[in-house]
Amino acid sequence: MRAQFVLSEIGVGLRRNLTMTFAVIVSVALSLALFGGSLLMRDQVSTMKGYWYDKVNVSIFLCNKADAEQDPKCAKGAVTNEQKEQILADLKKMSVVDTVQHETADQAYKHYKEQFGDSPLSSSLTPDQMQESFRIKLKDPEKYQVVATAFSGRDGVQSVDNQRDVLDNLFELLNGMNKAALAVMALMLVVALMLIVNTVRVSAFSRRRETGIMRLVGASSLYIQMPFILEAAVSGLIGGALACGFLVLGRYFIIDHGLELSEKLTLINFIGWDSVFAVLPLVLVIGLLMPALAAFLALRKYLKV
């Protein structure tokens, strides 16, 4: 009987404040969708880091005749065979180095033609203008500075480049976008909490006669507050369910279908459905508990029981 009464009061409360309830649902749905999206973005960045950092190479570019005439770093002339052999021997002695691949000027020219053959500049280049290089795969990409310190400024070395620097700029951009999404999520969350508090206050005021009667007959504070708390919880749960729907549809249409980024951006290792499904329960739990807690705290002020 008591459960039936509480459930009936929930339905009455939701119908009386239909507009505000709808606003609460939308606000909770948007804020939790941004929250879930931020978690997935963080997982995506972590996945991309693990995928790409494992493929990062350090490149030691060697001086050629053109560099000897134009680049102060190669003022002592083009790299000699003895210098190349010494660089290779020193690389093989380093514990941080996994593999070393030597790319000749002819190989560099061939790779350039394969990638940029349509460029107007490619027709004016000759193999002797390309740089020889050593492509180094490290056991730990974090140890790049060990190689850079050992070979930067050495005779015959024009520069030491780390591909990770380019990736770090990309990941910083993605992390910045993630922080912006979290900021918008926090703003939407504040709006949702304010709407929940106002909805509870209006609902408590509109039913002050019923709550007064319940107090007179000896109803407990929790029993009187329960319909209001459950109203907020139901609204939040619906909003959480909508947020889950947004996340699933976003993953489905943006990555798998629709934009089909997984096919167009084959170089990116996108997160799988397991990551999405791992986030959904958390979104639902927050959608249920957050409005209920906000309503409970609001009732202590607006419902004197």
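How many disulfides does the structure hold? The structure, a predicted model, holds 1 disulfide.

## Overall make-up

The chain of this predicted model is built from 11 helices and 4 strands. Of its 305 residues, 38% are buried. About 17500 Å² of the chain is exposed, and carbon and sulfur atoms supply 62% of that area.

Contacts between parts far apart in sequence can be summed up in one figure. Taking the contacts between residues at least 6 apart in sequence, 81% join residues at least 24 apart.

## The disulfide

Cys63 and Cys74 are the two partners of the disulfide, with an S to S distance of 2.0 Å. The angle about the S-S bond is -75°, and the link of Cys63 and Cys74 is left-handed. Cys63 sits in the loop between β1 (57-62) and α3 (65-70), while Cys74 sits in the loop between α3 and α4 (81-93), so the pair ties together parts that are 11 residues apart in sequence.

Both Cys63 and Cys74 are buried. Another cysteine, Cys244, also counts as buried, because its relative accessibility is 9% and buried means under 20%.

## Salt bridges

The structure holds 4 salt bridges, and three of them are described here, beginning with two that involve helix α4. Glu132 pairs with Lys84, with 3.1 Å between the closest N and O atoms. This pair links distant parts of the chain, since Glu132 is in the loop between α5 and β3 (133-138) and Lys84 is in helix α4, 48 residues apart. Glu132 and Lys84 are both buried.

Arg154 forms a salt bridge with Asp90, and here the closest N and O atoms are 2.8 Å apart. Arg154 belongs to the loop between α6 (144-151) and β4 (157-162) and Asp90 to helix α4, so the pair ties together parts that are 64 residues apart in sequence. Is Asp90 buried or exposed? Asp90 counts as buried because its relative accessibility is 17%, whereas Arg154, at 25%, counts as partly exposed. Leaving out residues up to four places away in sequence, Asp90 touches Phe151 and Arg154.

Two strands are joined by the salt bridge of Glu103 and Arg135, whose closest N and O atoms are 3.0 Å apart. Glu103 lies in strand β2 (residues 97-103) and Arg135 in strand β3, so this pair ties together parts that are 32 residues apart in sequence. With a relative accessible area of 10%, Glu103 is buried; Arg135, with 23%, is partly exposed.

## Nonpolar cores

The largest nonpolar core has 30 residues. Val28, Leu40, Ile196, Val200, Leu247, Val279 and Val283 have the most contacts inside this core. Two or more residues come from each of α2, α7 (164-206), α9 and α11 (273-302). Which element gives the most to this core? Helix α11 does, with 10 residues.

Val200 touches Ala295, Ala298 and Leu299, if residues up to four places away in sequence are not counted. Another core lies apart from the largest one and has 18 residues, among them Leu91, Ile136, Leu138 and Tyr144.

## A nonpolar patch on the surface

Nonpolar side chains are also found on the surface. Phe22, Val26, Leu30, Val234, Ile238, Leu242 and Phe246 form a patch there, and together they have about 580 Å² of accessible area. The elements giving two or more residues to the patch are α2 (18-53) and α9 (221-256). Helix α9 gives the most, with 4 residues.

Val26 is one of the patch residues and is placed in helix α2. Val26 counts as partly exposed because its relative accessibility is 31%. Helices α2 and α9 each give two or more residues to the patch, and each also gives two or more residues to the largest nonpolar core.

## Helix α5

Lys110 is in helix α5 (residues 105-116). Its relative accessibility is 52%, so Lys110 counts as exposed. Along the chain, Lys110 and Met130 are 20 residues apart, and their C-alpha atoms are separated by 9.8 Å.

Conventions. Residues are numbered from 1 along each chain as its sequence is written. This is a predicted model: local features need pLDDT of at least 70, side-chain atom pairs count only at pLDDT 80 or more; totals for chains, interfaces and linings use all residues. Side-chain values use heavy atoms; hydrogens and water are left out. A disulfide is a pair of cysteine sulfur atoms within 2.5 Å. Buried means under 20% relative accessible area, exposed over 50%, partly exposed in between (1.4 Å probe, protein chains only). Patches are made of residues with over 30% relative accessible area and no salt bridge: like charges are joined within 9 Å, nonpolar side chains (Val, Leu, Ile, Met, Phe, Trp, Tyr) within 5 Å. Accessible areas come from the Shrake-Rupley method with a 1.4 Å probe; for residues, only the protein chains shown count as cover. A nonpolar core is a set of buried Ala, Val, Leu, Ile, Met, Phe, Trp, Tyr and Cys residues joined through side-chain atoms within 4.5 Å. Contact means heavy atoms within 4.5 Å.
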